[in-house]
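Okay, thanks for making the time, everyone. I'll put the model up on the screen and then we'll walk through the pieces I picked out.

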Amino acid sequence: MNRIDKTFATLRAAGRVALIPYVTAGDPTPAVTVPLLHALVAAGADVVELGVPFSDPMADGPVIQRASERALAQGVSLSDVLDMVAAFRSKDAATPVVLMGYANPIEAMGVAEFATRAQQAGVDGVIVIDYPPEEAGEFAGLLDARGLAPIFLLSPTTPEARIVAVGRMARGYVYYVSLKGVTGAGHLDTGEVIAKLAEIRKHVALPVGVGFGIRDAASAQAIAAHADAVVIGSRIIQEIEASPASEAGERAASWLAAIRVAVDKVAKRAA
Amino acid sequence: MRDWVTNVEDTFYIIGSVAGPHPYPMMVRDFQSVIGKECLTQMPELAGRQPDIIIACVGGGSNAMGIFYPYLAHEAVRLIGVEAAGEGIATGRHSASLLAGRPGVLHGNRTYLLQNADGQIAQTHSVSAGLDYPGVGPEHAWLKDSGRAEYVSVTDDEALAAFNECCRIEGIIPALESSHALSHAAKLAPTLPREALLLVNLSGRGDKDMATVAERSGLKFYCRPDCDPSRR
(Lines give C-alpha, C1' and ligand atoms only; values in the text may rest on other atoms or scores of the structure.)
Protein backbone atom coordinates (compact mmCIF):
# COMPACT_ATOMS: atom_id res chain seq x y z
CA MET A 1 0.00 0.00 0.00
CA ASN A 2 1.47 3.39 -0.88
CA ARG A 3 1.77 6.27 1.55
CA ILE A 4 -1.37 8.06 0.28
CA ASP A 5 -3.64 5.04 0.70
CA LYS A 6 -2.09 4.27 4.08
CA THR A 7 -2.62 7.86 5.27
CA PHE A 8 -6.28 7.96 4.22
CA ALA A 9 -6.92 4.51 5.74
CA THR A 10 -5.47 5.63 9.07
CA LEU A 11 -7.46 8.87 9.03
CA ARG A 12 -10.67 7.11 8.10
CA ALA A 13 -10.21 4.63 10.95
CA ALA A 14 -9.78 7.57 13.33
CA GLY A 15 -12.76 9.45 11.84
CA ARG A 16 -10.54 12.38 10.83
CA VAL A 17 -10.37 14.55 7.75
CA ALA A 18 -7.05 15.00 5.91
CA LEU A 19 -5.50 18.43 5.84
CA ILE A 20 -3.44 19.06 2.70
CA PRO A 21 -1.47 22.29 2.35
CA TYR A 22 -0.04 23.37 -1.00
CA VAL A 23 3.15 25.39 -1.39
CA THR A 24 5.14 26.22 -4.50
CA ALA A 25 8.62 24.68 -4.56
CA GLY A 26 11.32 27.33 -4.38
CA ASP A 27 9.08 30.03 -2.88
CA PRO A 28 10.15 32.26 -1.22
CA THR A 29 13.62 30.73 -1.75
CA PRO A 30 14.75 27.20 -2.69
CA ALA A 31 16.46 26.80 0.71
CA VAL A 32 13.17 27.38 2.58
CA THR A 33 11.12 24.68 0.84
CA VAL A 34 12.27 21.54 2.66
CA PRO A 35 12.16 23.05 6.17
CA LEU A 36 8.78 24.55 5.25
CA LEU A 37 7.40 21.12 4.34
CA HIS A 38 8.62 19.67 7.66
CA ALA A 39 7.05 22.60 9.52
CA LEU A 40 3.72 22.06 7.75
CA VAL A 41 3.77 18.37 8.72
CA ALA A 42 4.55 19.32 12.33
CA ALA A 43 1.57 21.72 12.21
CA GLY A 44 -0.79 18.93 11.23
CA ALA A 45 -0.53 18.37 7.47
CA ASP A 46 -1.40 14.78 6.51
CA VAL A 47 -0.28 15.08 2.87
CA VAL A 48 1.74 17.90 1.31
CA GLU A 49 1.20 19.19 -2.21
CA LEU A 50 4.29 20.72 -3.74
CA GLY A 51 3.79 22.99 -6.75
CA VAL A 52 6.21 22.74 -9.65
CA PRO A 53 6.74 26.31 -10.89
CA PHE A 54 5.65 27.03 -14.46
CA SER A 55 5.94 30.15 -16.60
CA ASP A 56 2.29 30.05 -17.76
CA PRO A 57 0.15 28.83 -14.83
CA MET A 58 -3.25 29.04 -16.58
CA ALA A 59 -5.35 27.53 -13.76
CA ASP A 60 -3.83 29.56 -10.97
CA GLY A 61 -4.85 32.87 -9.53
CA PRO A 62 -2.44 35.77 -9.03
CA VAL A 63 -1.17 34.53 -5.63
CA ILE A 64 0.16 31.19 -6.86
CA GLN A 65 1.32 32.80 -10.10
CA ARG A 66 3.49 35.18 -8.08
CA ALA A 67 4.89 32.25 -6.07
CA SER A 68 5.75 30.53 -9.35
CA GLU A 69 7.44 33.67 -10.65
CA ARG A 70 9.52 34.04 -7.46
CA ALA A 71 10.70 30.44 -7.79
CA LEU A 72 11.48 30.72 -11.51
CA ALA A 73 13.41 33.95 -10.94
CA GLN A 74 15.69 31.81 -8.76
CA GLY A 75 16.04 29.19 -11.50
CA VAL A 76 13.99 26.41 -9.86
CA SER A 77 13.50 23.54 -12.33
CA LEU A 78 11.54 20.30 -12.14
CA SER A 79 14.82 18.54 -11.45
CA ASP A 80 15.41 20.83 -8.44
CA VAL A 81 11.89 20.09 -7.19
CA LEU A 82 12.61 16.35 -7.27
CA ASP A 83 15.82 16.98 -5.31
CA MET A 84 13.77 18.87 -2.70
CA VAL A 85 11.40 15.91 -2.36
CA ALA A 86 14.35 13.54 -1.91
CA ALA A 87 15.75 15.83 0.80
CA PHE A 88 12.36 15.95 2.54
CA ARG A 89 12.01 12.18 2.26
CA SER A 90 15.38 11.56 3.94
CA LYS A 91 13.88 12.90 7.19
CA ASP A 92 10.21 11.97 6.76
CA ALA A 93 9.46 8.48 5.52
CA ALA A 94 5.71 8.61 6.16
CA THR A 95 4.07 11.82 4.90
CA PRO A 96 2.85 11.56 1.30
CA VAL A 97 4.18 14.16 -1.13
CA VAL A 98 2.11 15.05 -4.18
CA LEU A 99 3.56 17.14 -6.99
CA MET A 100 1.19 19.55 -8.70
CA GLY A 101 2.02 21.34 -11.91
CA TYR A 102 1.64 21.66 -15.64
CA ALA A 103 2.46 19.22 -18.43
CA ASN A 104 5.23 21.03 -20.26
CA PRO A 105 8.10 20.78 -17.73
CA ILE A 106 7.31 17.06 -17.40
CA GLU A 107 7.23 16.62 -21.18
CA ALA A 108 10.54 18.49 -21.45
CA MET A 109 12.12 16.01 -19.01
CA GLY A 110 10.38 13.10 -20.74
CA VAL A 111 7.34 11.44 -19.14
CA ALA A 112 9.00 8.07 -18.43
CA GLU A 113 12.17 9.71 -17.12
CA PHE A 114 10.03 11.91 -14.87
CA ALA A 115 8.02 8.98 -13.51
CA THR A 116 11.19 7.08 -12.65
CA ARG A 117 12.93 10.03 -11.05
CA ALA A 118 9.79 10.96 -9.10
CA GLN A 119 9.59 7.44 -7.73
CA GLN A 120 13.26 7.51 -6.75
CA ALA A 121 12.83 10.88 -5.04
CA GLY A 122 9.94 9.57 -2.93
CA VAL A 123 7.00 11.27 -4.64
CA ASP A 124 3.63 9.58 -3.99
CA GLY A 125 1.24 11.25 -6.39
CA VAL A 126 1.19 13.68 -9.31
CA ILE A 127 -1.44 16.20 -10.41
CA VAL A 128 -0.94 17.53 -13.93
CA ILE A 129 -3.45 20.31 -14.35
CA ASP A 130 -3.45 20.33 -18.14
CA TYR A 131 -3.64 16.58 -18.73
CA PRO A 132 -7.35 15.84 -19.09
CA PRO A 133 -8.15 12.13 -18.58
CA GLU A 134 -8.59 11.71 -22.37
CA GLU A 135 -4.91 12.59 -22.86
CA ALA A 136 -3.49 11.11 -19.66
CA GLY A 137 -3.67 7.37 -20.34
CA GLU A 138 0.02 6.80 -21.05
CA PHE A 139 1.19 9.06 -18.25
CA ALA A 140 -1.19 7.58 -15.68
CA GLY A 141 0.03 4.11 -16.68
CA LEU A 142 3.68 5.10 -16.19
CA LEU A 143 2.92 6.45 -12.71
CA ASP A 144 0.72 3.53 -11.71
CA ALA A 145 3.39 1.01 -12.77
CA ARG A 146 5.79 2.67 -10.30
CA GLY A 147 3.30 2.84 -7.43
CA LEU A 148 2.69 6.59 -7.87
CA ALA A 149 -0.86 7.91 -7.90
CA PRO A 150 -2.16 9.87 -10.89
CA ILE A 151 -4.44 12.41 -9.21
CA PHE A 152 -7.10 14.23 -11.20
CA LEU A 153 -9.08 17.40 -10.79
CA LEU A 154 -12.86 17.45 -11.04
CA SER A 155 -14.79 20.70 -11.23
CA PRO A 156 -18.38 21.94 -10.88
CA THR A 157 -18.71 21.65 -14.67
CA THR A 158 -17.23 18.16 -15.06
CA PRO A 159 -19.83 16.04 -16.86
CA GLU A 160 -20.80 12.64 -15.43
CA ALA A 161 -19.07 10.68 -18.23
CA ARG A 162 -15.77 12.32 -17.40
CA ILE A 163 -16.22 11.67 -13.67
CA VAL A 164 -16.62 8.00 -14.60
CA ALA A 165 -13.43 8.11 -16.73
CA VAL A 166 -11.49 9.78 -13.91
CA GLY A 167 -12.85 7.23 -11.44
CA ARG A 168 -11.30 4.44 -13.52
CA MET A 169 -7.90 6.09 -14.01
CA ALA A 170 -7.30 7.91 -10.72
CA ARG A 171 -5.38 6.56 -7.75
CA GLY A 172 -4.79 8.01 -4.28
CA TYR A 173 -7.53 10.63 -4.12
CA VAL A 174 -9.37 12.94 -6.46
CA TYR A 175 -9.25 16.67 -6.10
CA TYR A 176 -12.55 18.51 -6.38
CA VAL A 177 -12.15 22.11 -7.48
CA SER A 178 -14.83 23.67 -5.31
CA LEU A 179 -15.68 26.59 -7.53
CA LYS A 180 -15.70 27.82 -11.07
CA GLY A 181 -12.52 29.83 -11.18
CA VAL A 182 -8.82 29.84 -10.52
CA THR A 183 -6.90 28.95 -7.34
CA GLY A 184 -7.46 31.35 -4.47
CA ALA A 185 -10.78 32.73 -5.71
CA GLY A 186 -13.21 33.95 -3.08
CA HIS A 187 -16.70 32.69 -3.86
CA LEU A 188 -17.05 29.25 -2.33
CA ASP A 189 -20.62 27.86 -2.24
CA THR A 190 -20.72 25.02 0.29
CA GLY A 191 -24.17 23.84 -0.77
CA GLU A 192 -23.03 23.40 -4.35
CA VAL A 193 -19.97 21.49 -3.15
CA ILE A 194 -22.09 19.06 -1.12
CA ALA A 195 -24.34 18.28 -4.09
CA LYS A 196 -21.41 17.66 -6.44
CA LEU A 197 -19.56 15.50 -3.89
CA ALA A 198 -22.55 13.17 -3.79
CA GLU A 199 -22.45 12.85 -7.59
CA ILE A 200 -18.69 12.21 -7.58
CA ARG A 201 -18.94 9.53 -4.90
CA LYS A 202 -21.39 7.60 -7.07
CA HIS A 203 -18.54 6.97 -9.52
CA VAL A 204 -15.32 7.41 -7.57
CA ALA A 205 -14.41 5.07 -4.72
CA LEU A 206 -11.31 7.08 -3.74
CA PRO A 207 -11.21 9.77 -1.05
CA VAL A 208 -12.30 13.19 -2.33
CA GLY A 209 -10.26 16.27 -1.42
CA VAL A 210 -11.75 19.72 -1.88
CA GLY A 211 -9.72 22.82 -2.64
CA PHE A 212 -9.62 26.19 -4.49
CA GLY A 213 -11.18 28.89 -2.33
CA ILE A 214 -10.73 27.63 1.27
CA ARG A 215 -9.22 30.50 3.18
CA ASP A 216 -10.09 30.36 6.87
CA ALA A 217 -11.17 28.12 9.74
CA ALA A 218 -14.87 28.56 8.95
CA SER A 219 -14.61 27.57 5.28
CA ALA A 220 -12.23 24.72 6.15
CA GLN A 221 -14.70 23.42 8.72
CA ALA A 222 -17.66 23.73 6.38
CA ILE A 223 -15.85 21.68 3.74
CA ALA A 224 -14.39 19.19 6.25
CA ALA A 225 -17.90 18.16 7.26
CA HIS A 226 -18.39 16.69 3.78
CA ALA A 227 -14.99 16.03 2.18
CA ASP A 228 -12.28 13.47 2.95
CA ALA A 229 -9.57 16.11 2.66
CA VAL A 230 -9.32 19.88 2.80
CA VAL A 231 -6.72 21.39 0.44
CA ILE A 232 -5.40 24.90 1.09
CA GLY A 233 -2.92 26.70 -1.16
CA SER A 234 -3.25 30.39 -1.94
CA ARG A 235 -4.03 31.40 1.65
CA ILE A 236 -0.81 29.74 2.90
CA ILE A 237 1.20 31.37 0.14
CA GLN A 238 -0.20 34.73 1.23
CA GLU A 239 1.25 34.05 4.70
CA ILE A 240 4.59 33.21 3.10
CA GLU A 241 4.43 36.32 0.92
CA ALA A 242 3.78 38.53 3.93
CA SER A 243 6.75 37.17 5.94
CA PRO A 244 10.50 37.61 5.63
CA ALA A 245 11.99 34.42 4.11
CA SER A 246 13.53 33.42 7.45
CA GLU A 247 10.10 33.38 9.15
CA ALA A 248 7.99 32.09 6.23
CA GLY A 249 7.94 28.47 7.39
CA GLU A 250 7.04 29.36 10.95
CA ARG A 251 4.25 31.78 9.92
CA ALA A 252 2.75 29.33 7.41
CA ALA A 253 2.89 26.50 9.95
CA SER A 254 1.26 28.44 12.75
CA TRP A 255 -1.53 29.54 10.40
CA LEU A 256 -2.06 25.90 9.35
CA ALA A 257 -2.04 24.68 12.97
CA ALA A 258 -5.13 26.78 13.68
CA ILE A 259 -6.89 25.27 10.66
CA ARG A 260 -5.95 21.78 11.92
CA VAL A 261 -7.76 22.52 15.22
CA ALA A 262 -10.84 23.73 13.33
CA VAL A 263 -10.92 20.74 11.00
CA ASP A 264 -10.54 18.30 13.91
CA LYS A 265 -13.65 19.74 15.55
CA VAL A 266 -15.71 18.26 12.76
CA ALA A 267 -17.15 14.92 13.83
CA LYS A 268 -16.77 12.47 10.99
CA ARG A 269 -18.82 9.62 9.67
CA ALA A 270 -17.95 6.47 11.60
CA ALA A 271 -15.20 4.42 10.04
CA MET B 1 -8.75 33.00 -19.41
CA ARG B 2 -9.32 33.48 -15.67
CA ASP B 3 -12.54 35.34 -16.31
CA TRP B 4 -13.72 32.56 -18.59
CA VAL B 5 -13.15 29.73 -16.10
CA THR B 6 -14.86 31.80 -13.42
CA ASN B 7 -17.89 32.78 -15.52
CA VAL B 8 -18.11 29.70 -17.69
CA GLU B 9 -21.93 29.51 -17.49
CA ASP B 10 -22.48 32.76 -19.40
CA THR B 11 -19.18 33.36 -21.17
CA PHE B 12 -18.01 31.86 -24.41
CA TYR B 13 -14.33 31.46 -25.15
CA ILE B 14 -13.20 32.68 -28.56
CA ILE B 15 -9.56 32.61 -29.54
CA GLY B 16 -8.17 34.66 -32.42
CA SER B 17 -5.96 31.91 -33.77
CA VAL B 18 -5.92 28.25 -34.75
CA ALA B 19 -4.45 27.37 -31.33
CA GLY B 20 -5.88 26.16 -28.01
CA PRO B 21 -7.80 23.01 -27.09
CA HIS B 22 -9.88 21.02 -29.56
CA PRO B 23 -12.18 21.97 -31.27
CA TYR B 24 -11.04 25.61 -31.37
CA PRO B 25 -8.18 25.17 -33.89
CA MET B 26 -10.60 23.36 -36.18
CA MET B 27 -13.36 25.96 -35.78
CA VAL B 28 -11.03 28.91 -36.44
CA ARG B 29 -9.51 27.10 -39.44
CA ASP B 30 -12.94 26.48 -40.92
CA PHE B 31 -14.03 30.10 -40.46
CA GLN B 32 -10.73 31.43 -41.80
CA SER B 33 -10.78 29.10 -44.82
CA VAL B 34 -13.19 31.37 -46.71
CA ILE B 35 -10.10 33.11 -48.17
CA GLY B 36 -8.71 29.78 -49.42
CA LYS B 37 -12.04 28.82 -50.98
CA GLU B 38 -12.28 32.19 -52.72
CA CYS B 39 -8.76 31.78 -54.09
CA LEU B 40 -9.55 28.29 -55.30
CA THR B 41 -12.44 29.71 -57.34
CA GLN B 42 -10.95 33.05 -58.35
CA MET B 43 -7.38 32.10 -59.30
CA PRO B 44 -8.48 30.17 -62.43
CA GLU B 45 -10.83 33.05 -63.34
CA LEU B 46 -8.29 35.84 -62.82
CA ALA B 47 -4.92 34.17 -63.43
CA GLY B 48 -5.96 31.31 -65.67
CA ARG B 49 -4.90 28.54 -63.26
CA GLN B 50 -4.16 27.62 -59.67
CA PRO B 51 -1.00 29.14 -58.13
CA ASP B 52 2.33 27.30 -57.99
CA ILE B 53 3.13 28.62 -54.54
CA ILE B 54 1.07 30.10 -51.69
CA ILE B 55 2.84 32.24 -49.10
CA ALA B 56 1.38 33.38 -45.78
CA CYS B 57 2.75 34.63 -42.45
CA VAL B 58 2.50 32.40 -39.38
CA GLY B 59 2.24 33.48 -35.76
CA GLY B 60 -0.48 31.33 -34.28
CA GLY B 61 -1.16 30.58 -37.93
CA SER B 62 -4.81 31.38 -38.62
CA ASN B 63 -4.52 33.32 -41.88
CA ALA B 64 -2.04 30.75 -43.24
CA MET B 65 -4.30 27.87 -42.20
CA GLY B 66 -7.25 29.63 -43.84
CA ILE B 67 -5.55 29.97 -47.20
CA PHE B 68 -3.64 26.63 -47.06
CA TYR B 69 -6.51 24.42 -45.99
CA PRO B 70 -8.59 24.30 -49.20
CA TYR B 71 -5.33 23.68 -51.10
CA LEU B 72 -4.08 20.74 -49.02
CA ALA B 73 -5.48 18.25 -51.52
CA HIS B 74 -3.94 20.18 -54.45
CA GLU B 75 -0.54 18.62 -54.01
CA ALA B 76 1.13 20.48 -56.87
CA VAL B 77 0.68 23.73 -54.95
CA ARG B 78 3.63 24.50 -52.64
CA LEU B 79 2.58 25.97 -49.30
CA ILE B 80 5.05 28.24 -47.51
CA GLY B 81 4.50 29.67 -44.02
CA VAL B 82 6.66 32.59 -42.94
CA GLU B 83 7.52 32.92 -39.26
CA ALA B 84 8.88 36.01 -37.51
CA ALA B 85 12.65 35.83 -37.05
CA GLY B 86 12.52 39.11 -35.08
CA GLU B 87 16.07 40.30 -34.54
CA GLY B 88 17.37 37.02 -35.98
CA ILE B 89 16.82 33.44 -34.81
CA ALA B 90 20.38 33.25 -33.47
CA THR B 91 19.70 36.17 -31.09
CA GLY B 92 16.88 34.32 -29.32
CA ARG B 93 14.66 37.39 -29.84
CA HIS B 94 12.13 35.99 -32.32
CA SER B 95 8.80 34.13 -32.54
CA ALA B 96 9.72 31.24 -34.86
CA SER B 97 8.12 28.33 -32.96
CA LEU B 98 8.15 25.88 -35.88
CA LEU B 99 11.73 26.60 -36.90
CA ALA B 100 13.33 26.97 -33.49
CA GLY B 101 10.89 25.36 -31.02
CA ARG B 102 10.35 21.87 -29.65
CA PRO B 103 7.05 20.00 -29.19
CA GLY B 104 5.32 20.59 -25.88
CA VAL B 105 1.95 21.34 -24.27
CA LEU B 106 0.62 24.86 -23.72
CA HIS B 107 -2.85 26.42 -23.64
CA GLY B 108 -4.48 23.04 -24.21
CA ASN B 109 -2.66 21.98 -27.35
CA ARG B 110 0.41 19.92 -28.15
CA THR B 111 2.53 21.75 -30.69
CA TYR B 112 5.92 23.35 -31.32
CA LEU B 113 6.78 25.76 -28.51
CA LEU B 114 9.57 28.20 -27.80
CA GLN B 115 10.80 26.99 -24.43
CA ASN B 116 13.94 26.53 -22.40
CA ALA B 117 15.50 23.16 -21.49
CA ASP B 118 13.30 22.95 -18.35
CA GLY B 119 10.08 23.34 -20.33
CA GLN B 120 9.46 26.94 -19.26
CA ILE B 121 7.88 29.01 -22.03
CA ALA B 122 10.24 31.57 -23.58
CA GLN B 123 9.73 35.30 -24.04
CA THR B 124 9.09 36.04 -27.70
CA HIS B 125 9.71 39.03 -29.91
CA SER B 126 8.53 40.34 -33.25
CA VAL B 127 7.99 43.83 -34.62
CA SER B 128 4.46 42.64 -35.47
CA ALA B 129 2.29 41.98 -32.42
CA GLY B 130 0.22 39.43 -34.33
CA LEU B 131 3.18 37.08 -34.78
CA ASP B 132 4.49 37.49 -31.23
CA TYR B 133 3.38 34.12 -29.73
CA PRO B 134 5.50 31.27 -28.28
CA GLY B 135 3.38 28.51 -29.83
CA VAL B 136 1.72 27.79 -33.17
CA GLY B 137 -1.51 26.09 -34.22
CA PRO B 138 -1.15 22.30 -33.96
CA GLU B 139 -2.25 21.75 -37.56
CA HIS B 140 0.83 23.70 -38.71
CA ALA B 141 2.97 21.37 -36.58
CA TRP B 142 1.38 18.51 -38.49
CA LEU B 143 1.87 20.18 -41.89
CA LYS B 144 5.54 20.75 -41.03
CA ASP B 145 6.15 17.20 -39.82
CA SER B 146 4.29 15.66 -42.76
CA GLY B 147 6.21 17.88 -45.19
CA ARG B 148 3.03 19.20 -46.85
CA ALA B 149 3.99 22.78 -45.99
CA GLU B 150 7.40 24.44 -45.69
CA TYR B 151 8.26 27.02 -43.09
CA VAL B 152 10.79 29.82 -43.39
CA SER B 153 11.43 33.02 -41.46
CA VAL B 154 11.85 36.73 -42.11
CA THR B 155 13.44 39.26 -39.73
CA ASP B 156 11.91 42.52 -38.44
CA ASP B 157 14.16 44.53 -40.76
CA GLU B 158 13.26 42.46 -43.83
CA ALA B 159 9.55 42.76 -43.02
CA LEU B 160 9.86 46.54 -42.62
CA ALA B 161 11.66 46.79 -45.95
CA ALA B 162 8.84 44.83 -47.63
CA PHE B 163 6.30 47.07 -45.89
CA ASN B 164 7.98 50.15 -47.38
CA GLU B 165 8.29 48.60 -50.85
CA CYS B 166 4.64 47.61 -50.94
CA CYS B 167 3.53 51.09 -49.86
CA ARG B 168 5.80 52.77 -52.40
CA ILE B 169 5.26 50.50 -55.40
CA GLU B 170 1.69 49.29 -54.98
CA GLY B 171 0.17 52.05 -52.85
CA ILE B 172 -1.06 49.35 -50.49
CA ILE B 173 -0.25 49.53 -46.77
CA PRO B 174 0.20 45.92 -45.67
CA ALA B 175 0.08 44.80 -42.04
CA LEU B 176 3.52 44.14 -40.56
CA GLU B 177 2.45 40.50 -40.16
CA SER B 178 1.63 40.20 -43.88
CA SER B 179 4.83 42.08 -44.71
CA HIS B 180 6.71 38.95 -43.58
CA ALA B 181 4.94 36.98 -46.33
CA LEU B 182 5.61 39.74 -48.88
CA SER B 183 9.28 39.79 -47.97
CA HIS B 184 9.64 36.09 -48.58
CA ALA B 185 7.74 36.36 -51.87
CA ALA B 186 10.17 39.06 -53.01
CA LYS B 187 13.11 36.86 -52.01
CA LEU B 188 11.72 33.82 -53.79
CA ALA B 189 10.43 35.39 -57.01
CA PRO B 190 13.80 36.04 -58.72
CA THR B 191 14.68 32.32 -58.32
CA LEU B 192 11.55 31.15 -60.16
CA PRO B 193 10.68 30.90 -63.86
CA ARG B 194 8.96 33.99 -65.22
CA GLU B 195 5.59 32.25 -65.61
CA ALA B 196 5.48 31.03 -61.98
CA LEU B 197 2.31 32.10 -60.14
CA LEU B 198 2.69 33.24 -56.53
CA LEU B 199 -0.28 33.82 -54.25
CA VAL B 200 0.47 35.88 -51.12
CA ASN B 201 -2.09 36.25 -48.36
CA LEU B 202 -2.27 39.94 -47.56
CA SER B 203 -3.95 39.08 -44.30
CA GLY B 204 -4.19 42.50 -42.71
CA ARG B 205 -3.95 46.22 -43.26
CA GLY B 206 -1.03 48.23 -42.04
CA ASP B 207 -2.71 51.45 -40.96
CA LYS B 208 -2.75 49.89 -37.48
CA ASP B 209 1.06 49.65 -37.69
CA MET B 210 1.85 53.24 -38.73
CA ALA B 211 3.03 54.28 -35.25
CA THR B 212 5.37 51.28 -35.00
CA VAL B 213 6.78 51.89 -38.47
CA ALA B 214 7.24 55.62 -37.83
CA GLU B 215 9.04 54.96 -34.56
CA ARG B 216 11.33 52.37 -36.17
CA SER B 217 12.08 54.84 -38.99
CA GLY B 218 12.93 57.63 -36.56
CA LEU B 219 9.91 59.69 -37.65
CA LYS B 220 7.53 61.58 -35.41
CA PHE B 221 3.87 61.86 -36.24
CA TYR B 222 2.36 65.31 -36.20
CA CYS B 223 0.17 65.47 -33.18
CA ARG B 224 -2.25 68.17 -32.08
CA PRO B 225 -1.01 69.83 -28.88
CA ASP B 226 -4.03 68.54 -26.95
CA CYS B 227 -3.30 64.90 -27.82
CA ASP B 228 0.41 65.00 -27.02
CA PRO B 229 0.75 63.93 -23.37
CA SER B 230 4.13 65.69 -23.00
CA ARG B 231 2.56 69.07 -23.86
CA ARG B 232 -0.46 68.84 -21.64
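Let's begin in chain A, where strand β7 (residues 174-177) and strand β8 (residues 208-211) pair in the parallel sense over 4 bridges. Quick note on the vocabulary: helices (H or I, at least four residues) and strands (E, at least two) are DSSP runs, numbered from the N terminus, and two strands pair if DSSP finds at least two bridges between them. If you want a residue pair to click on, Tyr176(A) has Val210(A) in β8(A) as its bridge partner.

Before I go on, the bookkeeping: residues are numbered from 1 along each chain as its sequence is written, and chains are lettered from A and ligands numbered from 1 in the order in which they are written. This is a predicted model, where local features need pLDDT of at least 70 and side-chain atom pairs count only at pLDDT 80 or more, while totals for chains, interfaces and linings use all residues.

Now zoom out from that strand pair. In chain A, 9 strands form an open sheet with parallel pairing, in the order β5-β4-β3-β2-β1-β9-β8-β7-β6. At the edges sit β5 (149-151) and β6 (153-154) of chain A, each pairing on one side only.

Just past β8, have a look at Phe212(A), which lies in the loop between β8 and α10 (217-224) of chain A. Phe212(A) is not a glycine, and still has a positive phi of about 70°. Another backbone oddity in chain A: the peptide bond joining Asp27(A) and Pro28(A) is cis, with omega about 5°. Pro28(A) has its place in the loop between β1 (18-24) and α2 (30-42) of chain A.

On to helix packing. Two packed helices are described by the angle between their axes and the distance between the axes. Here axes are lines fitted to C-alpha atoms, for helices over the stretch in contact, and angles run from 0 to 180 degrees between N-to-C directions.

Take helix α8 (residues 160-169) and helix α9 (residues 190-203) of chain A: their axes come within 8 Å and cross at roughly 50°. That makes α8(A) oblique to α9(A); the scheme is that under 35 degrees is roughly parallel, over 145 roughly antiparallel, 65 to 115 roughly perpendicular, and the rest oblique. The crossing is right-handed, and the convention is left-handed if the near helix is turned anticlockwise from the far one by less than a right angle, right-handed if clockwise. Which residues make the contact? From α8(A) they are Ile163(A), Val164(A) and Gly167(A), and from α9(A) Glu199(A), Ile200(A) and His203(A). Contact here means C-beta atoms, placed from the backbone, within 7 Å. That set divides into 3 nonpolar, 2 polar and 1 charged, with Ala, Val, Leu, Ile, Met, Phe, Trp, Tyr, Cys and Pro counted as nonpolar, Asp, Glu, Lys and Arg as charged, and the others, Gly among them, as polar.

The next pair is helix α3 (residues 62-73) with helix α11 (residues 234-241) of chain A, packed at an angle of about 55° with axes 9 Å apart. So α3(A) is oblique to α11(A), and their crossing is left-handed. On the α3(A) side the contact uses Val63(A), Ile64(A), Arg66(A) and Ala67(A), and on the α11(A) side Ser234(A), Ile237(A), Gln238(A) and Glu241(A). By type, that's 4 nonpolar, 2 polar and 2 charged.

Okay, chain B. Chain B has 9 helices and 6 strands. Its radius of gyration, taken over C-alpha atoms, is 19 Å, close to the 17 Å from the globule rule for 232 residues, so chain B is as compact as a globular protein of that length; the rule is 2.2 Å times the number of residues to the power 0.38.

Its open sheet of 4 strands runs β5-β2-β1-β6 with parallel pairing, and the edge strands are β5 (149-155) and β6 (198-200) of chain B. There's also a hairpin, where 5 bridges join β3(B) to the antiparallel β4 (residues 109-113) of chain B. The hairpin has 2 residues between the strands, and His107(B) takes a positive phi near 55°.

Last stop, where the chains meet: 16 residues of chain B are in contact with 18 residues of chain A. On the chain B side, α1 (2-6) and β3 (102-106) each supply at least two residues, and that side divides into 7 nonpolar, 7 polar and 2 charged.

Methods:
Two residues are in contact if their C-beta atoms, placed from the backbone, lie within 7 Å.
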